[in-house]
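Hello,

I am passing a structure on to you, and it is shown just below. My notes on it follow.

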Amino acid sequence: MNAASPDLLASYRIDREPFYRPAGNEVALYEQAYRHRMPLILKGPTGCGKTRFVEHMAWSLGRPLVTLACNEDMTASDLVGRYLLDANGTAWHDGPLTLAVRHGGICYLDEVVEARQDTTVVIHPLTDARRILPLDKKGELVRAHPDFQLVVSYNPGYQSSAKDMKPSTRQRFAALEFDYPDSDLEAEIVAHEAGVGTDLAAKLVAIARCSRALRQRGLDEGISTRMLIYAGLLIRDGMSPRDSCDMTMARALTDDPDMASALQGFVAAQFE
């Protein structure tokens with residue numbers, strides 16, 4: 001792209017540094033993978049910081065970030081593009097994946113296993129030495145920009161075998177595994193993001209830790225860091241801790257009255 005060309009990914013650029021606290025060496029590992037434009041899988045539970053991590057790395061590397069939330073209704077055309085009717089007739093419009101491939105963005109497919117396997121197969125030629133994207137409907141072969149990278153994420157904790165990643169897809173990626181940070185770091189994150197004191201943040205984290213012990217014993221997922229931030233925001237603005245936690249944690253996490261009661265007990269133990 002020369003200096004006079006428009007920046008077609010301008011709207012995908014991240015202007016401010018996203019707040020992210022590393023839990024290990026994931027930043028250095030990502031930087032090494034990006035040097036080789038290696039495709040990456042980010043694995044970890046809901047709300048543990050995978051998306052924030054990608055945002056932080058895109059900002060750090062100065063690359064635009066094109067994010068797609070995958071779902072079972074997403075088609076290959078939603079990824080690569082389609083012909084659309086406009087004022088001048090029928091014209092091809094690149095999809096978000098194609099934009100990132102052409103112009104050197106990081107394309108992030110969030111919860112990739114939610115998409116149908118016949119849709120995600122279009123990424124295969126991008127995730128090996130070819131680094132190409134065939135646009136069959138247009139009859140074009142797009143060669144990936146040197147700065148393009150593909151990153152996908154999913155939560156392996158609750159996926160059924162019907163919604164798992166095919167081995168032929170999985171083996172094209174390197175992987176980074178995420179989990180909730182340790183208690184002190186998680187309390188720091190909650191305090192910063194919700195704008196609350198560290199004592200309150202630590203109490204919220206203690207509740208989450210108790211709930212995570214119930215994973216696979218009545219709960220599919222424990223309370224996420226994101227939920228703790230929601231609770232902290234409501235408490236900061238004057239809602240009682242018990243009502244805030246009931247609204248953002250117990251009632252949001254389960255419909256089972258006994259399990260909700262157990263979660264409310266964890267809250268009561270912290271806010272007696």
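Where in α10 is the kink centred, and about how many degrees is it? The model is a predicted one, and in it α10 bends by about 35°, with the centre of the kink on M247.

Helix α10 covers residues 241–253, which makes 13 residues. At 1.5 Å a residue the helix should span 18 Å, and the distance of 17 Å between its end C-alpha atoms therefore agrees with that. Five residue names to look up in this helix are S244, C245, T248, M249 and A250, which are its buried residues. Their cover includes α8 (198–212), α9 (225–236) and α11 (257–270).

Next, helix α4, at residues 96–103. Most of α4 is covered, with seven of its eight residues buried. These are P96, L97, T98, L99, A100, V101 and H103. Just after α4 comes G104, which has a positive phi of about 85°.

A second glycine with a positive phi sits in a hairpin: G139, at about 70°, lies in the turn between β6 and β7. Four residues separate the two strands of this hairpin. Strand β6 (residues 132–135) and strand β7 (residues 140–143) run antiparallel and are joined by four bridges. One of the pairings to look for is L135, whose bridge partner in β7 is E140.

If you open the model, I suggest starting with α10 and its kink at M247, then going to the hairpin of β6 and β7.

Regards

Technical notes:
Residues are numbered from 1 along each chain as its sequence is written. This is a predicted model: local features need pLDDT of at least 70, side-chain atom pairs count only at pLDDT 80 or more; totals for chains, interfaces and linings use all residues. Side-chain values use heavy atoms; hydrogens and water are left out. The expected span of a helix is 1.5 Å times one less than its number of residues. The bend at a residue is the angle between axes fitted to the seven residues ending there and the seven starting there. Buried means under 20% relative accessible area, exposed over 50%, partly exposed in between (1.4 Å probe, protein chains only). Contact means heavy atoms within 4.5 Å. Two strands pair if DSSP finds at least two bridges between them.
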